[in-house]
Every structure is written in C-alpha cells, then in structure tokens.
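Biologist: I keep meeting words such as "buried" and "salt bridge". Could you show me how each label is earned?

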Amino acid sequence: MTPHPTAGQAAWAHTPERSSMLMLRVMTWISLRLGRRAARGVLHLIAAYFLLFAPASRRASSDYLGRALGRPARWRDLYRHFFTFAATIHDRVYLVNRRFDLFDFEVHGEDTLHRLLAGGKGLFLMGAHLGSFEVIRAIGRKHQDLRVAMLMHEDNAQKINSMLAAINPEAVQDIIGLGHIDSMLRVRERLDAGGIVGMLADRTPGNDTLYPVQILGADANLPIGPFRMAALLRRPVVFMTGLYLGGNRYAIHFEPLADFSAVARGQRDAALQAAITRYATLLDQYCRKAPYNWFNFFDFWQPADTTMPPKS
Amino acid sequence: MNTMQDNPKPNISSTADLQREVAELMVECLNLEVTADQIIPDAPLYGEGLGLDSIDVLEVALVVSKRYGLQLRSDGADNRQVFNSLRSLSDYIAAQRTR
C-alpha cells in the first residue's frame, strides 16, 4: 500500500491507521518547529477537524463512549476523545526523540515485568490501541534490557519505520514486520536473548481467526494470532497500557496476562482462550478507567464473524 | 569464487519417504484436516496452497528443527524458499539434518 498524504476525509474516517500516520507526519513537522506547548494548540484544530469532517470516526467514538461512560456521549466528550488521540500521537514525536524530561509518568506494576524478565527467556508485552504504547520507551531508558521490538504488519512496519527514521534514526531497528518465517524466527531469537516483543493485540494483522469476547457489555471479536504465537513460543505475556491523563501526565500500567511457559500442548487451546478472555477483561477495565484513551475509531463492537477491522 | 578447498554442500534431494515423514509431522502438529499423502509436494504452504499462516509455519519450523536437529535462524539460508513447499522443506532437511 502506498501512503496517501492527501487522503480525504472519507479515507481518514475508514482507515484509522492511515489517519494516525498522516497525523504523525503533520505533528512531527509542527513539533520540531514549534515545541510541545505551542504545537499543542494545533491539536485542538485537529480534534475539531475530526469532529466536523470525519463522520464515521465520530459515530464510532460516540458509540464507544456511550458504552464506556454509561451515558450518551456529548459533543464535548467526542471532542475530548479526538483531542486525547491527537495528544498521544503528538507525544510520540517526543518519546521517540527520548525527551522523557517533558513528561510526568506514574508507573504501576513494573515489578511484574522485572520478575518475569528475570527468567531470562523474554516475554511478550501486549498492548492495544488504548493510550500510548510508545511510553514504554520511558521505561526502557532506565533499563537496557527493556528494549522492546514491536511486531506489526509489514505494510505498517515500513511506513512507521520511515516515519521513525525521520524523527530519530536510532529508533528504527526495534520493529519486526509480521508475515514471513524470518520475522517469526526473529521474534524467537529476540525472546531467547531475554528480550521483549511488543504487539497491539486488539486488531487483526490480516485474515486472522477471531475469538468472540465481551467488552463493555457487548460482543466484540479479538484476533487469536498474538496469543497463538505466545503459546507456541511458550512465553509469559504482560499487558501494558500508557494512559494519557491530560497535560504532560501518563499512567503506565503493567498487568500479568498469561504465562504459556509450562503449558502442555494438550492444554494449549484452553490456555489460549483463557488468555484472550483475560485480555478482554483488561481492555474493559482500562476503558472504564480512562474512557478517552480508546483509539479504535471504527465499529469495533460486532457480533461474531462479521467484524472486519482494518489491517493493523 | 570456488577453490579446491571449498566444499559446497551437494544439492541433496529429499526422498519420498522423508517428504511423507515431514508431511505427517505437519499434519500432526497443526491438526490439519488433510492426510499426509494429500499434501502435494510442490504446492505452496502459505496462502493458496495448504493455507498456512506465518504462525503455522513457525510451528512447523519449531517441530522440524527439533526433530531433525536443524539450526534455523532469521538471517540464515533463504528461509522463505525453504518453507515454500513440502518438497523444498524436505530437501532442506535432507541436506542439513544432524539427526
């Protein structure tokens, strides 16, 4: 897929990943010239633009917020939702540039991560399009062993890599493009070296098999691929989200999600289903805790077999 | 450039027996709904052919490396070529196996 820097509002609305890429490009330009405080003024324009000109994203936001807030979403809620999205995308520019001094991070559950890493066999860190995953870089700054290799669809890997190269060339090597045996072997090698492999496990990277779950009291489907990989490679899985709290504040949460280290093959399917269900529960919990941090601006809630999430 | 000292690996072809054995390993580890002799040696493992995804192929890779003592690495020989079909995988195993 080729990038579409001039994509119109319809394309923005239907392809969240492209919209975030375009936004990241715009924000990089602005941020590097104006600084964080001034650039944040532009975020309001972007939020307003989404609110006015991205009807499909607005409907998805409204539908989601209604579930997460437990009441009908108002315009100001939608605005805040888009603003939070824009703010986290914008902050990626600074996080990739290692400007951690600009932020105030509170960290919960980091000991879980270190305890599991101490095993020396590596682990999977699973996030979602919920808050900022990029804030893991702030954890990584203190510990060399916390370099995270992000696993993602090859198309996106290439786009994001070229974007990261523009922001900070040193950030590039941390992405593994999904899809071929070489990348799978790289994942294993990374883990064997005691490293962390990160994934956003709430969207399918292709024609993945979906597993029905309940999130915010409604039917949704999650791809089983990320958990299949963790089960196959017999590794622990830690959930991570970096919730944006406003201003320059983020709350980073780590939660134990699953551990496939000692799961026998005959029990793998049951362990896999338990892990996906636990992941759904965590998504539910953090959506309620920080409602404006959910960044799937498409119709995520669908009964089984009909969900067609965009490529992630 | 080849010199007399170089000892390039001969291009070993797999036997029908080995292909059959590898096919059986694949059927077993992936719970495939086909039998081993229904897997066409030259059909692609991915997509159109056998319909495996990259995680399935990883599973096959893990199982055959263990069974035949292979050292598969991401920067090793042309892995995509090796995992192209049952025949290419079996040929690779025939040439590289240590047990």
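Modeller: Let us go through some labels one by one.

Modeller: This is a predicted model, in which local features need pLDDT of at least 70 and side-chain atom pairs count only at pLDDT 80 or more, while totals for chains, interfaces and linings use all residues. Residues are numbered from 1 along each chain as its sequence is written, chains are lettered from A and ligands numbered from 1 in the order in which they are written, and side-chain values use heavy atoms, with hydrogens and water left out.

Biologist: Why is the contact of Glu134(A) and Arg137(A) called a salt bridge?

Modeller: A salt bridge is a side-chain nitrogen of Lys or Arg within 4 Å of a carboxyl oxygen of Asp or Glu. For Glu134(A) and Arg137(A) the N to O distance is 2.6 Å, so the pair fits that rule. Arg92(A) joins Glu134(A) and Arg137(A) in a network of salt bridges. Over all chains, the structure holds 19 salt bridges.

Biologist: Are Glu134(A) and Arg137(A) buried or exposed?

Modeller: Buried means under 20% relative accessible area, exposed means over 50%, and partly exposed is in between (1.4 Å probe, protein chains only). Glu134(A) has 14%, so Glu134(A) is buried. Arg137(A) has 18%, so Arg137(A) is buried too.

Biologist: How do you know that Asp182(A) and Arg80(B) form a salt bridge?

Modeller: Their closest N and O atoms are 3.6 Å apart, so the pair meets the salt-bridge rule. Asp182(A) lies in helix α9 (residues 181-192) of chain A and Arg80(B) in helix α3 (residues 79-82) of chain B, so this pair joins two chains. Here helices (H or I, at least four residues) and strands (E, at least two) are DSSP runs, numbered from the N terminus. Asp182(A) is buried at 17%, whereas Arg80(B), at 42%, counts as partly exposed.

Biologist: What makes Glu255(A) and Arg278(A) a salt bridge?

Modeller: Their side chains meet at 3.8 Å, N to O, so they satisfy the rule as well. Glu255(A) sits in strand β9 (residues 249-259) of chain A and Arg278(A) in helix α11 (residues 268-289) of chain A, so the bridge ties together parts that are 23 residues apart in sequence. With 19% relative accessibility, Glu255(A) counts as buried, while Arg278(A), with 30%, counts as partly exposed.

Biologist: Why are β1 and β4 of chain A called edge strands?

Modeller: The open sheet has seven strands in the order β1-β9-β8-β2-β5-β3-β4 (chain A), with mixed pairing. Strands β1 (104-108) and β4 (175-178) of chain A are its edge strands, as each pairs on one side only.

Biologist: How do you know that β3(A) and β4(A) pair?

Modeller: Two strands pair if DSSP finds at least two bridges between them. Strand β3 (residues 148-153) of chain A and β4(A) have four bridges, in the parallel sense, so they pass. In β4(A), Ile175(A) is the bridge partner of Met150(A).

Biologist: Which strands does helix α8 of chain A touch?

Modeller: Helix α8 (residues 154-167) of chain A packs on the sheet, touching β3 and β4 of chain A. Contact means heavy atoms within 4.5 Å.

Biologist: How many helices and strands does chain B have?

Modeller: Chain B has four helices and zero strands, and 41% of its 99 residues count as buried.

Definitions and conventions:
Axes are lines fitted to C-alpha atoms, for helices over the stretch in contact, and angles run from 0 to 180 degrees between N-to-C directions.
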